[in-house]
Each structure stands twice: as C-alpha cells, then as structure tokens.
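Here's a quick walk through one model and a few of its helices. Have a look at it first.

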Amino acid sequence: MAPDQSKGGESTVTVLLALAVNLAIAVMKAIAGVITGSAAMMSEAAHSVADTFTEALLLTALRRSARPADRRHPFGYGKDRYFWSLLAAVSIFVSGAVFAFYEGFRTVFGAPEEQNSPVVGYVVLAVAFALESVSWTQAVRQVRREARAEERSMLAFLRVSDDPTVKTVFLEDSAALVGLLLAFGGLGLHQVTGSSVWDGVASLAIGALLAFAAYTLAATNRGLLIGRQADPVLVRAVWSQLRAAPEVERVVDLLTMAVGTDRVLVCARLDFDDSLGAADLERACVRIDAELRAAHVELDEVFLEPVPRNDPDLRSRVLARYGELKL
C-alpha cells in the first residue's frame, strides 16, 4: 500500500472516532446545559456541535481529495482536502466561538442567573472528558507516529504537515479538553460564590479558545490552498539530487508546491552540459525524472526545463523570490 493511502486510512479512522465521540458529547452537554442553566455548559454543547460538523467536513475532504486526476483537473483533486478543511475551521468559529461569546456576554452583563443541579454538570463534564480523551489519544498516536517517521518533533511535524485532517482533529480535541476544564471551573466557581459571572467568564474563555483554534487551522489551510512550498527537507534533497546528476552543471531554479497530502509538484530549471546533443538531453531528463520519483514517492509531477545559467531575466526572478540561495 502506498504511504499516502495508509495515512489516508488512518486519518479516516481518526476522524470517524472523533465524529462519534463529539456527537455523543454534544447531546449530553446540551441536556446538562438545559438542566443546570450554565452558560459555560451551553457553550461547550455548541463547541461539540461545531466539532461534529467539523468531522463531517473532514470526511468529505478525505473522500473528495482522493479522486484521480482527469481532464478538467490534470493535477488531481488533492487541494479539495484543504478547501473542506478550511470550511471546518470556519465551522469551529461560527458554530462554536460566536455562540460561546454570546452566552458569555449575556451571562456576565445580564441579570444574575440561578444554578440548578450542578452535580449533573460535573458528571457530564467528567464523562465528556473521558470520551474526548479517547479521540485525543488516537490523534496524538497518529501525529507521534508520523512525526517519528519523518524524524521530527510533534510540534515541528504539525507546523509543516500537508495533511490538515489529522492536525484539525488534534487541535480541536486538545481545545475540547481545555474547554471542559474551563467549563468545570466556571460551574464550580458559580456554585461556590453564587455568582453567575464566573460561568459567563468561563464561556468567554471557551469562545477565545475556539477562535484561536479556528484561526490557526484557517491560516494553515489558507497557505496550502494558495500554493505552499513543499517540505524544506524534501526541497533540499531534490536540489542535491539534481545537482549531483552528471549532465547538470547547475540548478538554476527549483519550484515546488504541495498539490495534496503527500503529493508534490516539482519544476526544475537546469543548466545542462553544453556538449550534450538533443537526444542525450532527452535521455538525461527521462533518467533524472525516474531517479527523483524512485527516491521520493511523494513527487506527483516533475518538470525539467533546460535553461542557461547566465540569463539575466531568469536570475533576477529567482533572486526576487529567494534571495541568494544557500542550498
């Protein structure tokens, strides 16, 4: 099985588990919110509803991005994953953060509210924390395994990963666990002090947490949709391999772009040995292409363009983009 297929299967399991957990938790929180009258609990219910919508969007992303290339989309549908993941980030903000802010401001600046049956809230929060931990553990397990395979820390892997689905599940589950602790604190302080302001403050904190998570995920997917450079480690490896080819005198320019999860487009402008004939040049390009694909399975399309190294217009464009290259 290809690496992207294996990772795609694990991502699907991670998303499906998160979907089932969030749907169950959303129902429990909503019931507890109605019983207790807690703004923080209602905000957490909205949080779980947003997460459920998010998982549905991520499943759509996984399914649609797996379609093969065709005439209308010759580079495939890999970026469909980024589009649906961007919608998932918007869902977290609109369905979760906005409602949490509303509940928080209403409770803090509105009339004091009575608290009913706080024990129900504590029980639901404890059960929700246990269930969320199951989904979070699966996401952490996948992130750690993939980070180890790339010899990176988890933080570095999340920063450069081109798979937004696992990053989304990891961040939203982490936010969910923190949100549950905030709701527990708001519920407890309301019970101890008798003031519903603490409940509202907890709801506002949950809203800020969700807004931060949504912004982080939206920024990641925005960069991938615009056309982000491939992993710098891969770029350096491709550059070194091209420079080592006997027919290549200099790598003049190297353009890469992530066109999907574990799918990279490469365009290299190379100054070949001037003594090569047309047939020799063609055979060299075919061989270099094959060697690059054999060494780096994530390469989806490879374009090699013969150019002179001393062309002033080309050099100025490269310098404008990268500055003095030190690869």
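What follows covers one helix, a helix pair and some annotated spans.

This is a predicted model, where local features need pLDDT of at least 70, side-chain atom pairs count only at pLDDT 80 or more, and totals for chains, interfaces and linings use all residues. Residues are numbered from 1 along each chain as its sequence is written, and side-chain values use heavy atoms, with hydrogens and water left out.

Let's start with α2, residues 39-65. Helices here are DSSP runs of H or I with at least four residues, and strands are runs of E with at least two, numbered from the N terminus. With 27 residues at 1.5 Å each (times one less than the number of residues), α2 should span 39 Å, and its end C-alpha atoms sit 38 Å apart, which agrees. Of those 27 residues, 20 are buried, so α2 is largely enclosed by the rest of the structure; buried means under 20% relative accessible area with a 1.4 Å probe, protein chains only.

At the N-terminal end of α2, S38 acts as a cap, with a side-chain oxygen 3.3 Å from the backbone nitrogen of A40. S43, also in α2, counts as buried at 0% relative accessibility. Its side chain makes a polar contact (N or O atoms within 3.5 Å, one able to donate a hydrogen and the other to accept it) of 2.4 Å with that of S203.

Next, α3 (residues 80-109) packs against α6 (residues 164-193) at about 15°, axes 10 Å apart. That makes α3 roughly parallel to α6, a term for angles under 35 degrees.

An unreviewed UniProt entry places "transmembrane region" at several spans, including these two:

| Span | Helix | Strand | End C-alpha distance |
|---|---|---|---|
| residues 12-39 | 93% | 0% | 33 Å |
| residues 82-102 | 100% | 0% | 29 Å |

Definitions and conventions
Buried < 20%, exposed > 50% of the residue type's maximum accessible area, 1.4 Å probe, protein only. UniProt positions renumbered as here; feature names shortened; annotations may be inferred. Axes fitted to C-alpha atoms, helices over the stretch in contact; angles between N-to-C directions. Parallel < 35°, antiparallel > 145°, perpendicular 65-115°, else oblique.
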